[in-house]
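Reader: Got a minute to go through this one with me? Put it up and let's start with the sheet.

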Amino acid sequence: MDVQDEQAGGEIKRLQRCINDLVSLLALPAIWSGGDISQVLDTLLNTLMRMLRLDLVSVRLNLPVVEAPIEIVRVSQSLGPMPSAHEICEALNDSLGDSSRRWPPLLRNVMGDRDVSMVPLPLGLRGELGMIVAAAQRSDFPQQTEALLLSVATSQAYIGLQEARLLSQQKRIADELDQRVAQRTAELAAANAELQLQVGLLQSLPVSAWTLKPDGTPDFVNRVWLEYSGQSLDFVRSRPDAWMAAVHPEDRETASRSFWEGVRSGQGFAMETRSRRARDGTYRWHLNQAVVLRDAEGTVLKFVGTTTDIDDQKRAEEKLRRSEAFLAEGQRLGQVGSYSWRPATDEITWSAELYRIYELEIGMPVTLELIRSRVHPEDVTLIEKMKMVDQTREGGRDFEWRYRLLMPDHSIKYMHAVAHATRDQDGQSEYMASVQDVTARSLAEEARDKAQSELANVARVMSLGALTASIAHEVNQPLSGIITNASTCLRMLAADPPQLEGARETARRTIRDGNRMSEVIARLRALFRKKEPTTESVNLNDAVLEVIALSIVELQKNRVMLRPELADDLPLVTGDRVQLQQVILNLLRNGSDAMSTVEDRPRQLVIRTERDDGDRVRLTVQDAGIGFDPQAADRLFDPFYTTKGDGMGIGLSVSRSIIERHHGRLWATLNDGPGAAFSFSIPRTPEGLVRADGIRNIQAPAVTGPGAA
Amino acid sequence: MESCQERSAIDRLLVSVVDDDSSVRESLPDLLKQFGFAARAFSSAEDFLASDCVDQTRCLLLDVAMPGMTGPDLQQELIRRRRAIPIIFITADRDMIVRRLLIEQGAVECLFKPFSDTALLEAVNLALHSK
């Protein structure tokens, strides 16, 4: 019985020990949890070695395809030196073969120089995961309990290894993911930094930059617009047309139309608006432009646009437009056209107004034939004159030119051109002329001359009335003498004896007086006959003497003491004799009238002719009368100005016009003593007349040569 | 010019002509002489007054408008001097109003130039007899 009890007790101990070991084995996962494969293997092998007092334990773990299997061998010292783990595993593999199905549960092998009992334990149902081999020298290895432990350990190992593998896989994946995420994050950060930079640029642009969603709602709007308009970003993004609140009310409708057309059609838009600057409330012109961004399928992604301040350009444009309009208008009002010619290219350019003046279609090419078709056949055209001037030795110079146009309806237009020789910005010579239609003025001048003649006539007639007394005297004196002498003659002849000597004498006087009378009448007729102005060479002294003769009686009646001081060798003047005499007469009468109240001094009236500077002739009538108010000096020559109660005061105004048409001037000065002096100065006849077909066309005297008197 | 004083007993009455016009001074005395008068001509009233013919003058043919002393001025001067010489004005200015005034002032007549010889004779006779 004792032996059996001892055997039973030993068995019980053995079983107890086995259960303890099982419990330990079952606790392995807790140890393994979270560990990696090598930890698992380590723990397993150590546990098996110790628990089962093995002499050798090895594990070969198959890993995914690319990786080499893990092979670990633990050998107890009692086995002595052993080959490497790899060799051992290989030997084991060779012994056992690949397929685990055919593995014997037990194998006796020679390891080193010992006999061992090896138990191969496949990992995984078919050993796909690998193999554990436990070996011991003892011959009873493995006992039942040991086999059980090995089996459980292997299962646990299998589970633990799978878990560990999974864990490591998961970890690897997690690592990979982390890596990828990190990379991505870095990329994004870089992209973001790039974006920030771009955004920064966008914000700093000198123009407003913005984007719109496909429906037109603003998306991104840079600082520039927000600062300019004072609108907040939220406001601008609240509605597609919120920003238009800053647009000038008058421009909103057009802006809105362009905007919506552009957005809805997906074409984008470009429009100009006046937009309000929040800072001071002023409106400035802006150009709002948007272009469309589409994706690969052509769907609108966004509109990208800018708003640029174009106010300065716009105002400059406006100014330019206005000044051009002013110029054109000015040309039209003044009937002035612009005419330019470039000798190098023979190119003639006309302004619109010039075409109008010439009554040609605006823009027609200007050729010499075209010009000749309009210019009066007797006149030299402006372009021909320009060419003549251009060929003179001094090259280009400024000049004036007058010519006439003969229109298709045979009417005549008078042209006055002022030409300027210049160089354009390339250094090419160019003649530029302003050409004015002075027809109206010429006709007006003609009419005025006629009116002035009429007026002068009227003045003459008025002075005729005043001269009635003079005429009466002038005519009646000789007439009276004639009658008296004739009567005397008859009586002398009727005497007894006839007084022939006396009769002859009286008859002689009669004839003399008769002649005198017809001279006077002729002179008076000449003076008062209405005539067109003529031009001739006039000896001013002779003209003065005639006027004196006509007015001497009246002057003497007014107790005027006339003192002629006529220069010898006075040059001739060119003009209308009668008109000049009218002026002299007017001055004499005025001088006489000025002295009509003078009692305390002689009523002296000096009439003086003399040479004047610059080849001119001066005539002065100087009185000792009441003078005139220096303040009113200008008004003396106004029409209808008069200090006389009865007179119409036409004289000085008409006189001045006459003198001016003789290229002279008429003026008044006060004497040192009492009275005034009225003088006129007119050019002498030049040595050779240029043209003499009417006073208006007389050129001013040219510089005369050394032979001039 | 021969002085009036030098005249011996004159049966011819002296008619003086005062006129600044030379043709008048030239022609009138001859006609007056034909009428049987003695005649003297002066170019100005001053000359006449300065001459010694004033007292002798029985009739004065006097121009109206003259430089210096006019005809009417002379008329007033003679009145002032109490020399009542009958005056016939002769003038080229046909102004009826002036004529009336002159006659009212005491002139015998005012003749308008040109006048006929008969008109002159009538006026002179009137002047000599209407004292």
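**The sheet and its helices**

Author: Sure. This is a predicted model. In chain A, 5 strands make an open sheet, ordered E17-E19-E20-E22-E21, with mixed pairing.

Reader: Which are the edge strands?

Author: Strand E17 (561–566) and strand E21 (665–670) of chain A; each of them pairs on one side only.

Reader: And how many degrees are neighbouring strands turned against each other on average?

Author: 15 degrees, ignoring direction.

Reader: What about E19 and E20, parallel or antiparallel?

Author: Antiparallel: strand E19 (residues 604–612) and strand E20 (residues 616–622) of chain A pair over 7 bridges. To get your bearings there, find A:Arg608, which sits opposite A:Thr620 in E20(A).

Reader: Switching to helices. Which strands does H14 of chain A lie across?

Author: Helix H14 (residues 540–557) of chain A lies across E17, E19 and E20, and runs at about 175 degrees to E17(A).

Reader: How do H14(A) and H15 cross?

Author: At roughly 35 degrees, and the axes of H14(A) and helix H15 (residues 577–594) of chain A come within 9 Å. The crossing of H14(A) and H15(A) is right-handed.

Reader: Which residues make the contact?

Author: From H14(A), they include A:Val544, A:Val547 and A:Leu555. H15(A) brings, among others, A:Leu580, A:Ile584 and A:Leu588.

Reader: How many nonpolar, polar and charged residues in that contact?

Author: Between H14(A) and H15(A), there are 8 nonpolar, 3 polar and 2 charged residues. A:Glu546 of H14(A) and A:Arg577 of H15(A) are also among the contact residues.

Note on methods. Residues are numbered from 1 along each chain as its sequence is written. Chains are lettered from A and ligands numbered from 1 in the order in which they are written. This is a predicted model: local features need pLDDT of at least 70, side-chain atom pairs count only at pLDDT 80 or more; totals for chains, interfaces and linings use all residues. Two strands pair if DSSP finds at least two bridges between them. Helices (H or I, at least four residues) and strands (E, at least two) are DSSP runs, numbered from the N terminus. Axes are lines fitted to C-alpha atoms, for helices over the stretch in contact, and angles run from 0 to 180 degrees between N-to-C directions. Two residues are in contact if their C-beta atoms, placed from the backbone, lie within 7 Å. A crossing is left-handed if the near helix is turned anticlockwise from the far one by less than a right angle, and right-handed if clockwise. Ala, Val, Leu, Ile, Met, Phe, Trp, Tyr, Cys and Pro count as nonpolar, Asp, Glu, Lys and Arg as charged, and the others, Gly among them, as polar.
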